[in-house]
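Visitor: Could you take me through one part of this structure slowly? I would like to see how its pieces sit beside one another.

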Amino acid sequence: MMMQFDILPLIDIGGTLDINIHLEVKKLPSMRSVLVTMCIRRDRMPTLEDRHSCQNGTLAINLSSLSKLNASLLIAYPQPGTWYIIILATCYNYGKPVRCQIKEMSILLNIRTKKCMSSDQSPCGNYGVCQEIQKNILHYAMCNCFKGYTGWDCTEISNTIPTISLMSTILLITSNVFFVPAVYVAVKRKLYAEGLVYLITMLFSSLYHACDENGRFCITKYEILQYMDFFSSILAFWVTLIAMAELPITIIPLCHMTGVFVITLGMQINRMCLISILIPLSLGIIIPVSRHTYRTFQSRKCKKPSRKILLVCAQCLAHYHGNIVNILVTISKIKTNHIIDKCFIRK
């Protein structure tokens with residue numbers, strides 16, 4: 001048999017091509033068997049060198065009625081074009097090829113594309129997460145492995161987690177304690193919204209870094225913890241800058257909600273993109289600078305911000321400097337070997 005299928009450019013190339021084949025044949029006499037050879041090739045029809053070997057450079061799958069009735073082939077990031085499949089069934093009697101005289105024999109072929117390498121329930125095994133990335137019209141997926149594991153499906157053990165890496169993770173988790181003074185000062189100054197944001201940032205930053213270590217300390221999905229850590233960290237910076245601006249109380253809720261929408265949009269588009277982080281931070285910095293410039297121009301005097309705002313900002317920014325570094329380090333861990341994108345920071 002010969003068949004073909006198409007892999008479309010930009011649409012089908014960002015995942016894994018999964019080809020499954022199953023041989024069904026009625027019970028044969030003990031000395032008879034069926035050998036099935038399947039050859040796969042892109043852009044050209046494959047050829048057989050003999051009855052059960054494909055030409056060099058051609059992907060092959062072999063089935064046997066005696067031992068192997070199921071087989072599968074995974075092709076990561078398949079190239080676009082027309083793919084051809086040739087299937088040849090050979091019957092044997094006492095080890096010699098004979099004419100097939102079988103009442104019923106069928107081959108079930110399932111060809112599909114999926115996100116990552118393993119099953120749909122656990123596409124990257126137990127030591128990684130399948131991360132989908134959208135960039136304009138490109139949509140592709142890759143396994144983001146936990147520390148100590150590598151490979152397409154995060155099943156290869158690279159090295160034992162270094163002590164320095166473990167210590168850095170512990171320091172990252174414990175460093176969130178520095179948010180406690182910021183929460184205390186914010187609540188004492190009746191800045192309850194800011195205090196809540198600092199508290200949420202402290203909580204999810206600790207949970208995310210604990211989960212990022214080896215995947216065993218995750219209270220929920222890794223993607224959820226990562227999103228909440230990124231979102232709350234940038235939101236903490238945003239509300240702090242709004243507090244620095246000393247805006248009228250009627251304008252503050254509007255600025256807070258604007259920041260929420262801008263940060264949410266950036267995180268949903270691509271949380272690993274540096275631009276998604278820099279845009280809300282740049283907008284947030286413009287607000288207090290513009291406010292202070294306007295007040296200086298209006299009063300024609302250089303007026304310093306109040307001490308209570310400076311105290312809250314100092315407590316928050318002292319710790320948030322570490323969160324910015326954490327975000328950049330996390331971005332640098334993402335390795336894309338097949339699609340080069342200027343939006344990513346690579347090691």
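Guide: Let's begin at Val 34, whose bridge partner in strand 8 is Cys 91. Keep in mind as you look that this is a predicted model. That pair belongs to a longer run: strand 3 (residues 32-42) and strand 8 (residues 81-93) pair in the antiparallel sense, with eleven bridges between them. Strand 3 also pairs with strand 6 (residues 59-64), again in the antiparallel sense, over six bridges. To find that pairing on your screen, go to Val 36 and look for Leu 63, its bridge partner in strand 6. Now consider how covered strand 3 is: of its eleven residues, eight are buried, so the strand counts as mostly covered.

From here, turn to Ser 33. Its C-alpha lies 9.9 Å from that of Lys 96, although 63 residues separate the two in sequence. Lys 96 is found in strand 9 (residues 96-98). With a relative accessible area of 59%, Lys 96 is exposed, because the cut-off for exposed is over 50%.

Finally, a pair of helices further along the chain. The axes of helix 5 (residues 252-270) and helix 6 (residues 274-299) come within 9 Å and cross at roughly 170°, which means that helix 5 is roughly antiparallel to helix 6. Helix 5 brings Val 262, Ile 263, Gly 266, Met 267 and Asn 270 to this contact, where they meet Ser 276, Ile 277, Pro 280 and Leu 283 of helix 6. Sorted by class, the contact has six nonpolar residues, three polar ones and no charged ones.

How values were computed: Residues are numbered from 1 along each chain as its sequence is written. This is a predicted model: local features need pLDDT of at least 70, side-chain atom pairs count only at pLDDT 80 or more; totals for chains, interfaces and linings use all residues. Side-chain values use heavy atoms; hydrogens and water are left out. Axes are lines fitted to C-alpha atoms, for helices over the stretch in contact, and angles run from 0 to 180 degrees between N-to-C directions. Helices (H or I, at least four residues) and strands (E, at least two) are DSSP runs, numbered from the N terminus. Angles under 35 degrees count as roughly parallel, over 145 as roughly antiparallel, 65 to 115 as roughly perpendicular and the rest as oblique. Contact means heavy atoms within 4.5 Å. Ala, Val, Leu, Ile, Met, Phe, Trp, Tyr, Cys and Pro count as nonpolar, Asp, Glu, Lys and Arg as charged, and the others, Gly among them, as polar. Buried means under 20% relative accessible area, exposed over 50%, partly exposed in between (1.4 Å probe, protein chains only). Two strands pair if DSSP finds at least two bridges between them.
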